[in-house]
Amino acid sequence: ARNDGTLYHDTVSRFSLAQPNVSAAFVSLQTDGGLGHKELSLTETHHLPVGQSMTIKPASEVEIGETVWVVADVSLPLAPQKVTSINIIVADGLHNPLLVHGGMPIVDGVATSFNVQPIVTFDSYAVPIVEALCVATDTCDFMRKVIVAIECAAKHAVHINPTCKTFHYIDGIIMGSATAVDVATLAAGTLAVAAATAWSLHTRK
């Protein structure tokens, strides 16, 4: 779904994350109303649009009575429906679909978000460029290393002894914590993406 709630078809990016066989605790949000019963299970740190302003917030902060956005009909925009119950469950499968053009993934009939709004907005410009460049130059695994390195470098900037994240990509590729070499080599890739993204932003004005 777009930010205005209209629905469209987008493409799941190769930079999406998935661990289908991992068990985890999930926040189960249930909503009932004129659009029928909807139930969405997501980890406490996974995001979704909430309230009339569609503010992006983590599942752990959603409260009973707040509004989430659900699919009424594929030909109509998303519609609001209030959360009626919240439970904690344990289930298998961790998935974070990143859509190429920054859309909100619809999961079990409910709108979700792959990250906080500033990153979603940035990715809507950057991901199409990165996808096209890495496919054309056969450097998608390198770009994945760049992403891991950026995330790790950001943690080093604000923490003394950070734990860098291991990325489990949707096609089974696993990228571990970045090395010093990875962090050093990300500069060229980052500059190229930044330049291309800046040009994209300029041409959209």
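Is Arg144 buried, partly exposed or exposed, and what is its relative accessible area? In this predicted model, Arg144 is buried, with a relative accessible area of 2%. Arg144 also takes part in ionic contacts, and its surroundings offer a convenient starting point for describing the structure. The side chains of Arg144 and Asp141 meet in a salt bridge, with an N to O distance of 3.3 Å. Because Asp141 and Arg144 are three residues apart in helix H2, about one helical turn separates them. Unlike the buried arginine, Asp141 is partly exposed, its relative accessible area being 40%. A salt bridge also connects Arg144 with the side chain of Asp171, here with an N to O distance of 3.1 Å. This pair links distant parts of the chain, since Asp171 is placed in the loop between E9 and strand E10 (174-175) whereas Arg144 belongs to helix H2, the two being 27 residues apart. Asp141, Arg144 and Asp171 are thus linked in a network of salt bridges.

The count of salt bridges comes to four. One of them is formed by Glu131 with Arg14, the closest N and O atoms being 3.0 Å apart. Glu131 lies in helix H1 and Arg14 in the segment before E1, so this pair ties together parts of the chain that are 117 residues apart in sequence. The two partners differ in their exposure: Glu131 counts as buried because its relative accessibility is 10%, whereas Arg14, at 33% relative accessibility, counts as partly exposed. In general terms, side chains of opposite charge can pair when their charged atoms come close.

Both Glu131 and Arg144 are also found among the contacts of Phe15, which, when residues up to four places away in sequence are not counted, touches Leu98, Val130, Glu131, Cys134, Cys140, Met143, Arg144, Ile147 and Tyr169. Phe15 is itself a residue of the largest nonpolar core, which has 16 residues and in which Phe15, Met143, Phe167 and Tyr169 have the most contacts. The elements that give two or more residues to this core are helix H1 (117-137) and helix H2 (140-158). At the level of domains, the core draws at least three residues from each of domain 1 (17-120) and domain 2 (138-204). A second core, separate from the one just described, consists of 12 residues and includes Val27, Ala59, Val62 and Val68.

The structure holds two disulfides, and when the bonded cysteines of the chain are numbered in sequence order, their pairing is 1-2, 3-4. One disulfide joins Cys134 to Cys140, with an S to S distance of 2.0 Å. The torsion about the S-S bond of Cys134 and Cys140 is about 75 degrees, so this disulfide is right-handed, and both Cys134 and Cys140 are buried. The other disulfide is formed by Cys152 and Cys164, whose sulfur atoms are 1.9 Å apart; with 65 degrees about the S-S bond, the link of Cys152 and Cys164 is right-handed. Since Cys152 lies in helix H2 and Cys164 in the loop between H2 and strand E9 (167-168), the pair ties together parts that are 12 residues apart in sequence. Cys152 and Cys164 are both buried.

Turning to the strands, strand E1 (residues 17-31) pairs with strand E6 (residues 79-96) in the antiparallel sense over 12 bridges, and within this pairing Thr31 stands opposite Val83 in E6. Strand E1 is also joined by five bridges to strand E2 (residues 38-42), and these two strands run antiparallel. Here Val27, which is included in the second core, stands opposite Leu42 in E2. E1 and E2 form a hairpin with six residues between them, and Gly36 in the turn has a positive phi of about 90 degrees.

A further residue of interest is Lys57, which is placed in strand E4 (residues 55-58). Lys57 counts as buried because its relative accessibility is 16%, the cut-off for burial being under 20%. Leaving aside neighbours within four places in sequence, Lys57 is in contact with His46, His47, Leu48, Val50, Val62 and Glu66; of these, Val62 is included in the second core.

Key. Residues are numbered from 1 along each chain as its sequence is written. This is a predicted model: local features need pLDDT of at least 70, side-chain atom pairs count only at pLDDT 80 or more; totals for chains, interfaces and linings use all residues. Side-chain values use heavy atoms; hydrogens and water are left out. A nonpolar core is a set of buried Ala, Val, Leu, Ile, Met, Phe, Trp, Tyr and Cys residues joined through side-chain atoms within 4.5 Å. Buried means under 20% relative accessible area, exposed over 50%, partly exposed in between (1.4 Å probe, protein chains only). Helices (H or I, at least four residues) and strands (E, at least two) are DSSP runs, numbered from the N terminus. Domain bounds come from an automatic or database domain assignment. Contact means heavy atoms within 4.5 Å. Two strands pair if DSSP finds at least two bridges between them. A disulfide is a pair of cysteine sulfur atoms within 2.5 Å.
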